[in-house]
Amino acid sequence: MSDVAKLAGVSHQTVSRVLNDHPNVRVETRARVMAAIDELGYRRNLVARALVTSRSNTLGVVSFDTTLYGPASTIYGIEQAARTAGYFVSIVSLKSLDASSVRDAIEYLAEQGVDGVVVVAPQRSAARALETLPMGMPAVAVEGTHRSEVSAVCIDQIEGARLATRHLLDLGHSTVWHVSGPSDWLEAEGRLEGWRSTLEEAGRPVPEPLAGDWSPRAGYAAGKRLASMDEVTAVFAANDQMALGVLRAFTEEGVKVPDEISIVGFDDIPESEFFSPPLTTVRQDFDAVGRHCIEVLLRQIQAQGPTSTERLIVPPSFVIRASTAPAP
């Protein structure tokens, strides 16, 4: 910094103000300092800065299976919001979300000196692991139901399933069949609850759900079963990937969508509008989730730890395409 100050003809305090975007620096002075920085290839020592400020300007994220659309999109939303707020992100991706793995990941991030932690916790085991957070660590969980002491940001999975089921009932279908997600996933539980409660409130039969695992293969197997059942006219799949498998099975069995059977997915993955036919689905706002997570963390960081519990619910939206039609 002294070398930059000497080359630019200013004090090292002025260089510091430029690096920290202080408003009280003249435009020509700022330009001269930035030119000196470029000429010398100067980079701030973030480790030294962290020792002075007691902050690393780094946030930790613990997640699971980032190949899945939901977790991957959530992490991307968090990373973009963190960068906008001037923070770096250190990500630990786990093969399994058991309590021990999550605990170890949080401890590792704490040892790296992160200012706060986001845990993408879609499974019950991960939610339980949050009970062992280091005392006073700023933290927020994404999705699911967690102990009251941990702030959480989640998309309203129940309402998303209600939107899907109501849409199909409004089209005149007598009931809606459901291809569910894995039973240990809290998102799958919420979507199952929203589907079932909507049918019950409408006084409609509640068929036995077909268990899936989020994959197109699971949807394909469920679709083969559903295609052989004459009473099926409407299907709600718990995610778009399984809906894709259902559509493939229906095509192979000669079932026309939406003329004979309507289908709705969940997620609105980028490919869903290019399915054949384009998929009606529930859209999740992952950018809003990321933005709210960072807002909650920053409030805790500024307060030097959690002072209250926040629970922010992000509403889903519904996208109608060509995979649904009035009941035959």
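## Glu201 and its partner

In this predicted model, the side chains of Glu201 and Arg162 are joined by a polar contact of 3.0 Å. You will find Glu201 in helix H9, which covers residues 186–201. Is Glu201 buried or exposed? Its relative accessible area is 57%, and the cut-off for exposed is over 50%, so Glu201 counts as exposed.

Try finding Ala237 as well. Glu201 and Ala237 are 36 residues apart in sequence, and their C-alpha atoms are 20 Å apart in space.

## The chain as a whole

Now let us step back. The chain has 328 residues, and buried residues make up 50% of them. Its secondary structure comes to 12 helices and 12 strands. Along the principal axes, the C-alpha trace spans about 85 × 40 × 30 Å.

How do contacts relate to the sequence? Take the contacts between residues at least 6 apart in sequence: 72% of these join residues at least 24 apart.

## Helix H11

Helix H11 runs through residues 240–252 and is a nice place to check helix geometry. At 1.5 Å a residue, its 13 residues should span 18 Å, and the end C-alpha atoms are 19 Å apart, so expectation and model agree.

Several residues of H11 are buried, among them Met242, Val246, Leu247 and Phe250. What do the buried residues of H11 pack against? Their neighbours are helix H10 (216–227) and four strands: S6 (177–180), S8 (234–237), S9 (262–267) and S10 (280–283). After H11 comes Gly254, which has a positive phi, near 75 degrees.

## Gln284, on the way to H12

Between S10 and H12 there is a loop, and Gln284 is found in it. The relative accessible area of Gln284 is 6%, while buried means under 20%, so Gln284 is buried.

Which residues does Gln284 touch, leaving aside those up to four places away in sequence? They are Glu143, Ile155, Gln157, Arg191, Phe266 and Asp267. With Gln157 there is also a polar contact of 3.2 Å between the two side chains.

## Helix H12

Asp285 caps the N-terminal end of H12, with a side-chain oxygen 3.4 Å from the backbone nitrogen of Asp287. The same kind of length check works here: the 17 residues of H12 should span 24 Å at 1.5 Å a residue, and the end C-alpha atoms are 24 Å apart, so the two agree.

The buried residues of H12 include Phe286, Val289, Cys293, Leu297 and Ile301. The buried residues of this helix pack against helix H5 and strands S1 (58–64), S3 (116–120), S4 (139–142), S5 (151–155) and S11 (311–314). H12 is followed by Gln304, whose phi is positive, near 60 degrees.

## Empty space inside

Rolling a probe the size of a water molecule over the atoms shows where empty space is left. In the whole structure, such a search finds two cavities of 30 Å³ or more. The largest has a volume of about 70 Å³. Thirteen residues line this largest cavity, and the closest to its centre are Gly70, Pro71, Thr74, Glu143 and Glu187.

Which elements give two or more residues to that lining? They are helix H5 (69–84) and helix H12 (286–302). H5 provides the largest share, three residues. By type, the lining residues divide into eight nonpolar, three polar and two charged.

Methods: Residues numbered from 1 in each chain as written. Predicted model: local features only at pLDDT ≥ 70, side-chain atom pairs only at ≥ 80, totals over all residues. Heavy atoms only, no water. 1 Å grid on protein atoms, 1.4 Å probe; cavity = no way out; pocket = protein on both sides within 12 Å on 5 of 7 lines; lining within 4 Å. Points joined across faces, edges and corners; volume = space filled by probe spheres on them. Nonpolar A, V, L, I, M, F, W, Y, C, P; charged D, E, K, R; others polar. Expected span 1.5 Å × (residues − 1). Buried < 20%, exposed > 50% of the residue type's maximum accessible area, 1.4 Å probe, protein only. Contact = heavy atoms within 4.5 Å. Polar contact = N/O pair within 3.5 Å; in protein donor to acceptor, adjacent residues only side chain to side chain.
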